[in-house]
Amino acid sequence: MAQDTTVPKLNFEYWLDKAVEWGQATTLESQKDVCLHLPQLQEFLHQLYETLKDVQGSVAAIQQFPLIGQLLGRLCWNPFVIGYDESQKALMWCLCCLYSSEPQNPVEVKANSWICSLLCHLLSSSEWESNEAETNLFISTLGYTSADYYGHLVKNMIFSLVAELRENPFNGLNIQRSVSASRVNAVSICCVPLITLPDLTPLLETLLLYHGGSPKEILCPEFLEAVNEAFLKKKISLPDSAVCSLWLRHSPSLEKATLHLLDQLVSIQLNSLEEVACVIKDSLLPQAASHPAIFRVVNEIFKNALLETDGASEVMTIIQVFTQLFLEARQNQNEQHKFPLKAYFPCHHQPLVRALLRRPSELPTTSWSQHLKNISDMLKALVEDTNVSSLTDLFETWYLVTCFGEWLDIAAEQLLKATVQPDALLWLLAFYYCPQNENQQRTQAMITETTDTSKEVYSLLLRTAYRFKHHGEGNQRTVKLLNELLQKFTLKV
Amino acid sequence: MAAVLGRVAELPALLALSRSALVRHWDAPALDRALEWARYFQHVHDRFRARPQLREALGRRLRRAQPCSPPLGFSALGRCPELLGLALLENRALPPAACRRLLRRLLLPPPPGAGAGPEPRGLALLARRKAAARLLALPRRPGGTEPRVRAEAQLLLGRLREEEAQEGAGAAGRPRWLCGVLERLPPPRAFAVVAAALALLGQGSGAEGAGDGDRDGSGQDGNRASAAGDGCIAGLLLSWLLGNRERFSAFCLCLPGSLLASLAGHYSQLSRSYLDLLTGWGSHLHYDPLQGRWVKSCLEKAELSWEELRERFSCLCQGSALLREQTQAALKLLKTRDGDFKVRGLSVWTDLLMEVEE
């Protein structure tokens, strides 16, 4: 890698200043600052190693970086730095580079000795910590190493912390608590560098589910953010309840998670809805959306995405699949825990919401056209009521209908079959495709639509195929026809 | 196999060497050879861990090779790269050239294609965990076992269980090395560790070995055997404690009443001896009418004061039903022997019984 040696040098001063400022990171302020800089510091240490790799011995290194000893030494005493991700590796690599195999003078000899001491400080018994020697002797007499000891020790500490946090049932009457809010806060910030350490998962879970009864959030925002990051990047796995709790407590994390999902989906080619559904389900957002608060945030973000992309059909498809998965998750919920529909769609006409929420699979196919007529009629009444409808309301109503794409697909299908009176269906579809036209001209507009709707039709065909597959609808002939059409469109689009 | 046994017998010597000043003669190739040996031993461990008979044979051979000090078991073969690597890192007598080679092999990622030494990843995890231990350090919680002490107890139990599994009951050499090991810790620490170990055994923490993975005893037999083995180990620890009167007295003085009560609940030999001890201390108190309370007859002696004694007896009475009955019965008997007074200030046992029954 082509290395610009001046770049690390500039940052060197910066990082040394930081290391001095942080000390051993004993104050909350310094701890928060360290946590903020951990990723960049790691990057810097990697770059430093790349530069030092070719340098032989400490004297040459000191010529290039006079203060390197100070920097590395100080960082070794900062447990936040050592505990983070791969920083400890990079730090130890740098130390190895500084070691001289043939020390030419007392300075180099001393430097060598100091490097060994630092490494012992990091890995076994530190000569600067008085209580470690005893333990080390005991352990090695038994035939174990510090690796065994610290493995057990960390697990025990986690176990103790979890027990302490859990034995804290919030009893409305008894405010006596064994754990103070500031302590929980302190624990949460100390966990930030350790999030990807597998031992920590039980503690992460317990912290996320911890409710101290105080209305204010007691977990550090840095902690919540870092857990969210690690979860989104799939570096850790957490139970659903813990993730839900995280998103409920920290809306920036929820927003980030939703945007991350959209990002992911936009980069997949929309060839298979299975893939889309899989990605969405993995994100845990549909399941989490059973909480109305989460649902509303996600919904807003999707709505904005739709507006920003001028109603791109990819985004519409994503929203529709999401809504389907959300409904499935909600259906699987325990009756007692279900929130009423009004909680998710507070501003909408409830009968319309209920009608749209009915899955087509719940109704016999013969009653579909009647159901669609109901929906169409309700919509018409809402939209044409000039007292109530503003442009915003219109958009909101249109968006609501859009979310429940299943019924629209069925409307289109029924229209293609031409077995029923088309008026209501036509009105519905016209509303879907161009909601802003004058009401009377809506039917006209649908028939004379000349704009390129191939993409929409393609999406429609995809959705129909998906639905047929998953609900076992449609006979062989229809399925065959559908697949043929899809193939034609794949070639064309 | 004979060749393997022969080589394995070299391990204790190799480890001893790596901790001694003799390494000052090592150069980089010598160090490489040592690390290769360590890798070889680890390989032997991985090959034979699932074969009990061979494993036992190797374990026995190892033990024969070490006349003194706690012998290494079969599991130590698996930890060889770390054992050796860290021992050499701590050894200041290692010359620079060899040390540099050690650091590169231990810590740097291996160049592609070359054979690896002990996994650098393992040591990075160690550094991370050590930092985690500092980050998560808790203030001492009363009543709970401190995590450090618990970790030490877990390692001790791991070692004892390994011995137990391999040798079975009745190995005369064991108490000797146990004493030696425990005496390397300062007394308060040693007592805390033994207490924690007994507590873990009492809770039936069967699966909490020291992670050496040698407890392949699967199925019912394995569990029964390990339960019986745990019983033997508990017996061993108790005999160390109870064997020496002064030691036991110091043990009971330095540990909190609640912990001792919980242990007494699990181990009847302990509860008997503990009650005897408390009885002894109690009988040394006399009533000072001027101060209106019970005081120690001789302030220098390492014994409990009235308040501490009362606390100890309360803890005992808050234990299991059996323990409570035992304690109250003992107190009642003492009270009767003392004259069966109903009024305070005449017999320490009357007073204690009154406090405890409140």
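Reader: How many residue pairs are in polar contact across the interface of chain A and chain B?
Author: The model is predicted, and a pair enters this count if both residues are at pLDDT 80 or more. Across the interface of chain A and chain B, the number of residue pairs in polar contact is 26.

Reader: Which helix supplies the largest share of the side of chain A that touches chain B?
Author: Several helices of chain A each supply at least two residues of this side, including α6 (87–98), α7 (106–123) and α9 (146–166). The largest share, 17 residues, comes from α9(A).

Reader: How many charged residues does the side of chain A that touches chain B have?
Author: By class, this side of chain A has 39 nonpolar and 26 polar residues. Its charged residues number 12.

Reader: Which side chain of chain B meets A:D148 in a salt bridge?
Author: The count between chain A and chain B is five salt bridges. In one of them, the N to O distance is 3.7 Å. The partner of A:D148 there is B:R79.

Reader: What area is buried between chain A and chain B?
Author: The contact takes 77 residues from chain A and 58 residues from chain B. In chain A, the residues that lose the most area to chain B are A:F138, A:L142 and A:Y144, together 12% of what that side buries. Carbon and sulfur atoms give 66% of the area buried between the two chains, which is about 6,200 Å².

Reader: Which helix of chain B gives the most to the largest nonpolar core?
Author: The largest nonpolar core has 262 residues, and those with the most contacts inside it are A:F223 and A:W247. Among the residues that A:W247 touches are A:F231, A:L254 and A:I294. From chain B, the helix that gives the most to this core, with 12 residues, is α11 (residues 187–202).

Reader: Why does A:W407 count as buried?
Author: A:W407 lies in helix α23 (residues 405–417) of chain A. A residue counts as buried if its relative accessible area is under 20%. A:W407 therefore counts as buried, because its relative accessibility is 2%.

Reader: Which residue has the backbone oxygen that the side chain of A:W407 reaches at 3.4 Å?
Author: A:W407 touches residues including A:A355, A:L356, A:P360 and A:W368. One of these, A:A355, is 52 residues from A:W407 in sequence and 9.9 Å from it in space, C-alpha to C-alpha. The backbone oxygen that the side chain of A:W407 reaches at 3.4 Å belongs to A:L356.

Conventions:
Residues numbered from 1 in each chain as written. Chains lettered and ligands numbered in written order. Predicted model: local features only at pLDDT ≥ 70, side-chain atom pairs only at ≥ 80, totals over all residues. Heavy atoms only, no water. Contact = heavy atoms within 4.5 Å. Buried area = accessible area lost by both parts, 1.4 Å probe. Salt bridge = Lys/Arg side-chain N within 4 Å of Asp/Glu carboxyl O. Polar contact = N/O pair within 3.5 Å; in protein donor to acceptor, adjacent residues only side chain to side chain. Helix = DSSP H or I, 4+ residues; strand = E, 2+ residues; numbered from the N terminus. Nonpolar A, V, L, I, M, F, W, Y, C, P; charged D, E, K, R; others polar. Core = buried A, V, L, I, M, F, W, Y, C linked by side-chain atoms within 4.5 Å. Buried < 20%, exposed > 50% of the residue type's maximum accessible area, 1.4 Å probe, protein only. Lists of a residue's contacts leave out its neighbours within four places in sequence.
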